[in-house]
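Trainee: I'd like to get better at reading a model feature by feature. Could you walk me through one?

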Amino acid sequence: MSTFSHGRGVLLLARGDEVVVDRVTGAADEATGVPCTPATRFQIASISKQMAAVAVLLLAERGVLRLTDPVTRWLPDPPPAWSGITLHHLLTHTSGLGHWPEYPAVDLAGPAEPDALLAAFAAVPPLFRPGAGWHYSSPGYVLLARTVERAADRPYADFLADELFAPLGMAGSFAGPAGGRPDVAVGYEGGRPVPSWDLATVSLGAGDVWCTGADLLAWLDVPRRGGLLAPASLVALTAPHAPTGRPGEAYGYGFFVGPLAGRRAVHHSGDNGGYKAFAAWLPGTDQRLVLLTNQAEVDPAAVTSVLDPDGS
């Protein structure tokens, strides 16, 4: 695996409110020669789950839904096997639903019809009863995004744009297909462009968001400074709800909570076809780290070497 110094994309490190590492390198689109710039948008892949989690918490604060709601309340024709699964179970990956390898009938590059996708999920029995284990599940977050759409009565991408990105000043961020937007990086693997995954349906809520580096750094102010959410919701967002099985690590709502570079951190990585991403906040040293790259060979774990152990 290559390190970021040999890759393309954006690497940012902030201590407090000061950005101390700001690297932008490589091509956003090799075919046209357009370089990566601070305005370039990248797929953040599974870091998108944090936006889905915050959307659910916002609707819970407004009394539109409850985290204890069974997911079957919000989905059309749900299978009986999902009757015990709550929104909390989906948020924490404790629902028993599988990840993509457990659903070989699903083509990540799609496209897929929403109800046909839910049927593909429903055709595979849960791996365990709700709350009885932990298994990372992007399909679970697809169900959360569908829940947000039904509860808010508007498209998921519109909800994120209006209720999350606009209030935080994340003007370069959006959810869903690029749709001809400018400043969009093309994903590469093995030196060749990779067709984008289906961000409208298959990756909805699980890996559908595009961000600039600065926008993703600003996003980390949600847990850091309390943006968007009430205090109780912020506590729930990064609480260690479910042990993942790795030493000292648990999952909150869209965040891993555990050690990073020897210190407590809330963090998440992302891996879509042709893109890698990483975002972390270390409360003890108030460091925020963001990596966005359109080169599949970049190892997100390698960029943690830029963190200062003492935050000085």
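Mentor: Let's go through helix packing, burial, backbone oddities and salt bridges in turn. Keep in mind that this is a predicted model.

Trainee: Fine, helices to begin with. How do I describe a pair that packs together?

Mentor: Two packed helices are described by the angle between their axes and the distance between the axes. Here, take H1, residues 48-61, and H4, residues 138-152: their axes are 10 Å apart and meet at an angle of about 40°. The crossing of this pair, H1 and H4, is left-handed.

Trainee: Which residues of H1 and H4 meet each other?

Mentor: On the H1 side you have Lys49, Ala52, Ala53, Ala55, Val56 and Leu59. They meet Ser138, Tyr141, Leu144, Val148, Ala151 and Ala152 of H4. Sorted by type, the residues of the H1 and H4 contact are 10 nonpolar, one polar and one charged.

Trainee: And how do I check the length of a helix like H4?

Mentor: Compare the expected span with the distance between the ends. With 15 residues at 1.5 Å a residue, H4 should span 21 Å, and its end C-alpha atoms are indeed 21 Å apart, so the two agree.

Trainee: How many of the 15 residues of H4 are buried?

Mentor: Twelve, or as you'd jot it down, 12 of the 15, so H4 is largely enclosed by the rest of the structure. Among the buried ones are Pro139, Gly140, Val142, Leu143 and Arg146. The cover over the buried residues of H4 includes H1, H2, H3, helix H5 (156-168) and strand E11 (250-251).

Trainee: Can we zoom in on one residue there?

Mentor: Try Ser138, which sits in helix H4. Its relative accessible area is 2%, so Ser138 counts as buried. Setting aside neighbours within four places in sequence, Ser138 is in contact with Ser46, Lys49, His99, Trp100 and Ala206.

Trainee: Now the backbone. What should catch my eye?

Mentor: Most residues other than glycine have a negative phi, and most peptide bonds are trans. Look for departures from that. One is the cis peptide bond joining Gly110 and Pro111, with omega about 0°. Pro111 is in the loop between helix H2 (87-92) and helix H3 (114-122).

Trainee: What about phi? Which value does Asp77 have?

Mentor: Phi of Asp77 is near 50°, a positive value in a residue that isn't glycine. Asp77 lies in the loop between H1 and H2. His93 is another case, with a positive phi of about 60°, and its place is the loop between H2 and H3.

Trainee: Are Asp77 and His93 buried or exposed?

Mentor: Asp77 has a relative accessible area of 76%, so it is exposed. His93, at 1%, counts as buried.

Trainee: On to salt bridges. How do I read those, and how many salt bridges are there?

Mentor: Look for a Lys or Arg side-chain nitrogen within 4 Å of an Asp or Glu carboxyl oxygen. By that rule the count is 14 salt bridges. In one of them, Arg66 pairs with Asp69, and the closest N and O atoms are 3.3 Å apart. Then check accessibility partner by partner: Arg66 is exposed at 54%, whereas Asp69 is buried at 1%.

Trainee: Let me try the bridge of Glu163 with Arg154. How would you describe it?

Mentor: The closest N and O atoms of Glu163 and Arg154 are 2.5 Å apart. Glu163 is buried at 18%; Arg154 is partly exposed at 25%. The burial cut-off is under 20%, so check each value against it.

Trainee: And Glu249 with Arg246?

Mentor: That salt bridge has its closest N and O atoms 2.6 Å apart. Glu249 is buried, at 11%, while Arg246 is partly exposed, at 44%.

Trainee: Which residues are linked in a network of salt bridges?

Mentor: Asp17, Asp221, Arg224, Arg225, Asp286 and Arg288 are.

Trainee: One last thing: how do I relate sequence separation to distance in space?

Mentor: Pick two residues and compare both numbers. Arg15, in strand E1 (residues 9-15), is 56 residues from Val71 in sequence, and their C-alpha atoms are 40 Å apart in space. As for accessibility, Arg15 is partly exposed at 26%.

Notes
Residues numbered from 1 in each chain as written. Predicted model: local features only at pLDDT ≥ 70, side-chain atom pairs only at ≥ 80, totals over all residues. Heavy atoms only, no water. Buried < 20%, exposed > 50% of the residue type's maximum accessible area, 1.4 Å probe, protein only. Axes fitted to C-alpha atoms, helices over the stretch in contact; angles between N-to-C directions. Helix = DSSP H or I, 4+ residues; strand = E, 2+ residues; numbered from the N terminus. Left-handed = near helix turned anticlockwise from the far one by under 90°. Contact = heavy atoms within 4.5 Å. Nonpolar A, V, L, I, M, F, W, Y, C, P; charged D, E, K, R; others polar. Expected span 1.5 Å × (residues − 1).
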